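Colleague: I should like to request a close look at a single part of this structure, for a student in the first year. Please take the interior of the protein and explain what is packed there.

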Amino acid sequence: HVQKLQFLDLSNNQIEELTMAIGRLENLRTLLLQNNNLSLLPVSIGMIEGLVIFRFEGNEELLNSIPIEIQQQHMALGPSEILEWLKDMAGGSKQLFRIKLMMVGEENVGKTTIVNTLTKRWKRGEEELRDTISTDGIDITKCKFVYNNSDGKIPRLPKEKVDIDIRFWDFAGQELYYTTHQFFLSQRSIFITVWNLERPMEDSRVEYWLYSITSKIPDPTVFIVGTHYDGDSR
């Protein structure tokens, strides 16, 4: 029976459109759509909750229709983010308020500690922090807080309490990952460049990170944050 299908390869077929009925393949685990002529994805694909492998590169118009942030999260985390996005599209559109904070810097300078401090403060108030170990690859942490904009201090937000969705992208500082990090630096992000004040200036490589960001993103928003100030004897 076709609804029991678990693997579907439609790649390299010059397909221009998929029917909404594809969402009925609820047992599908792998869906390959590479190198066709698709311009849109049926939102019903978002209902295939068990999808593990979902490939659609090589469809230029389709890639232009999917937000770059969704594509990047799809590359980093698998199909879960794009499936959630398709579900949202099926339910209609609404205004979302999301901030993407990208934490970059050398290894063991305190990027993860900053993320933990901010997320714990927003979620449950200040708590004692655990020791942290070096991030392996990229860690993505999600957090929400409520901002009261009743006074209209921020014109772009409604004059009411607004849910703000924060996504921290914590980039590993080991040199091993420098090349792959370039693929995930994206526009519409705020960059936090972190360096350890206890280390000599020449070891901080702040200039390297600033160059990496500006060579990829025109006119980025960047904050430079110094850590370990309490231990800095200079």
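The reply below begins with the chain as a whole, proceeds to its interior, and ends with some details of rings and loops.

Modeller: The model is predicted, and a word on confidence should come before the interior. The average pLDDT of the chain is 80, and 84% of the residues reach at least 70. One stretch, residues 124-135, has a pLDDT below 50, and in the model it makes 19 contacts beyond near neighbours in sequence.

The chain is built from seven helices and eight strands. It has 234 residues, of which 40% count as buried. Among contacts with a separation of 6 or more, 56% join residues that are 24 or more positions apart. On the outside, the accessible surface is about 14400 Å², and carbon and sulfur atoms contribute 50% of that area.

Let us now turn to the interior itself. In soluble globular proteins, nonpolar side chains tend to be buried together. Here the largest nonpolar core has 22 residues, and the members that touch the most others are Leu31, Leu41, Ile45 and Phe54. Leu31 serves well as an example. If neighbours within four places in sequence are set aside, the contacts of Leu31 are Leu8, Ile22, Ile45, Leu51, Ile53, Phe54 and Arg55. Two of the residues in that list, Ile45 and Phe54, are themselves named among the core members with the most partners.

Which element gives this core its largest share? That element is helix α3, residues 80-90, which supplies four residues. Within α3, the buried residues are Glu81, Ile82, Leu83, Trp85 and Leu86. The cover over them includes helices α1 (60-65) and α2 (68-77), together with the strands β3 (53-55), β5 (138-148) and β6 (161-171). A second core, separate from the largest one, has 14 residues, and Met103, Val115, Ile164 and Val194 are among them.

Aromatic rings offer a further view of the packing. The structure contains two aromatic pairs. One of them joins Tyr208 and Trp209 in an edge-to-face arrangement, with 5.2 Å from centre to centre and 75 degrees between the planes. The angle between these planes is over 60 degrees, so the pair is classed as edge-to-face. The two partners differ in burial: Trp209 is buried, at 4% relative accessibility, whereas Tyr208 is partly exposed, with a relative accessible area of 25%. Trp209 counts as buried because its value is under 20%. Tyr208 has a charged partner as well, for Arg205 lies over the face of its ring, 4.7 Å from the ring centre. A similar arrangement involves Lys100, whose charged end sits over the ring of Trp169 at 4.3 Å from the centre.

Finally, two loop residues deserve attention for their backbone angles. Most residues other than glycine have a negative phi. Asn108, which is not a glycine, has a positive phi of about 60 degrees. Asn108 belongs to the loop between β4 (98-105) and α4 (111-124), and it is partly exposed, with a relative accessible area of 46%. Asp219 also has a positive phi, near 50 degrees. Its place is the loop between α7 (206-216) and β8 (221-227). Asp219 counts as exposed, at 77% relative accessibility, because that value is over 50%.

Key. Residues numbered from 1 in each chain as written. Heavy atoms only, no water. Phe/Tyr/Trp six-rings, centres within 6.5 Å; stacked < 30°, edge-to-face > 60°. Buried < 20%, exposed > 50% of the residue type's maximum accessible area, 1.4 Å probe, protein only. Lys NZ or Arg CZ within 6 Å of the ring centre and 35° of its normal. Helix = DSSP H or I, 4+ residues; strand = E, 2+ residues; numbered from the N terminus. Contact = heavy atoms within 4.5 Å. Areas by Shrake-Rupley, 256 points an atom, 1.4 Å probe, with all protein chains shown as cover. pLDDT = per-residue confidence, 0-100. Core = buried A, V, L, I, M, F, W, Y, C linked by side-chain atoms within 4.5 Å.
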